[in-house]
Amino acid sequence: TSLSPGWASLPRASLGSALGNAAVVETSDGKVVLLKRSTNVGELPSTLVFPGGHPEPSRVSVGSREAWEGLSAAGEIPSSEAVVLELFDSILAEVEEETGILP
């Protein structure tokens, strides 16, 4: 697998969520930006990856599974447009945060 041998002893914050995003960032001189993952992560330690991360469900009013279930029961599920915008906004934010490159 791609898990670090010691993944079970890592703090939960070191483990990624199931929905991730990544971006291929090409510089003006035709180079592609890659990052090297830390050795202190649960999945794919020391691997070269594209900049990326995870969307923030709390930005569309879903902070937890329980919150989603509550919204669903009340018929107040976030709009598809809001979810799609968060997916795009989150990748732009991750690229800027991880590389310093502005969108």
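This report covers the fold, two surface patches and a few single residues of a predicted model.

**Overall layout**

The chain has two helices and four strands. Their order along the sequence is β-β-β-β-α-α. Of the 103 residues, 19% are buried. The accessible surface is about 7400 Å². Carbon and sulfur atoms account for 57% of that surface. Contacts reach across the sequence: among those between residues at least 6 apart, 61% join residues at least 24 apart.

**The nonpolar patch**

Five residues build a nonpolar patch on the surface: L19, V83, V84, L87 and F88. Together they offer about 440 Å² of accessible area. V83 belongs to helix α2. Its relative accessible area is 34%, so V83 is partly exposed: the value falls between the 20% and 50% limits.

L19 comes from elsewhere in the chain, in the segment before β1 (21–22). How far apart are L19 and L87 in sequence and in space? They are 68 residues apart in sequence, and their C-alpha atoms are 9.8 Å apart. L19 is also in contact with L87. Its other partners, leaving aside neighbours within four places in sequence, are G53, H54 and P55.

**Helix α2, inside and out**

Helix α2 spans residues 80–99. S90 lies in this helix. Is S90 buried or exposed? S90 is buried, because its relative accessibility is 2%, and buried means under 20%. Not counting residues up to four places away in sequence, S90 touches N21, H54 and P55. H54 and P55 thus recur: they are partners of S90 and also of L19.

E97 is in helix α2 as well. E97 counts as exposed because its relative accessibility is 64%, and the limit for exposed is over 50%. E97 is part of a surface patch of negative charge. The other members are E56, E96 and E98.

**A backbone exception**

S46 sits in the loop between β2 (35–36) and β3 (48–49). What is unusual about the phi of S46? The phi of S46 is positive, about 60 degrees, although S46 is not a glycine. Most residues other than glycine have a negative phi. At 36% relative accessibility, S46 is partly exposed.

**Accessibility at a glance**

| Residue | Relative accessibility | Class |
|---|---|---|
| S90 | 2% | buried |
| V83 | 34% | partly exposed |
| S46 | 36% | partly exposed |
| E97 | 64% | exposed |

Key:
Residues are numbered from 1 along each chain as its sequence is written. This is a predicted model: local features need pLDDT of at least 70, side-chain atom pairs count only at pLDDT 80 or more; totals for chains, interfaces and linings use all residues. Side-chain values use heavy atoms; hydrogens and water are left out. Patches are made of residues with over 30% relative accessible area and no salt bridge: like charges are joined within 9 Å, nonpolar side chains (Val, Leu, Ile, Met, Phe, Trp, Tyr) within 5 Å. Accessible areas come from the Shrake-Rupley method with a 1.4 Å probe; for residues, only the protein chains shown count as cover. A salt bridge is a side-chain nitrogen of Lys or Arg within 4 Å of a carboxyl oxygen of Asp or Glu. Lys and Arg count as positive and Asp and Glu as negative; His and the chain ends are not counted. The place of a charge is taken as NZ of Lys, CZ of Arg, CG of Asp or CD of Glu. Buried means under 20% relative accessible area, exposed over 50%, partly exposed in between (1.4 Å probe, protein chains only). Contact means heavy atoms within 4.5 Å.
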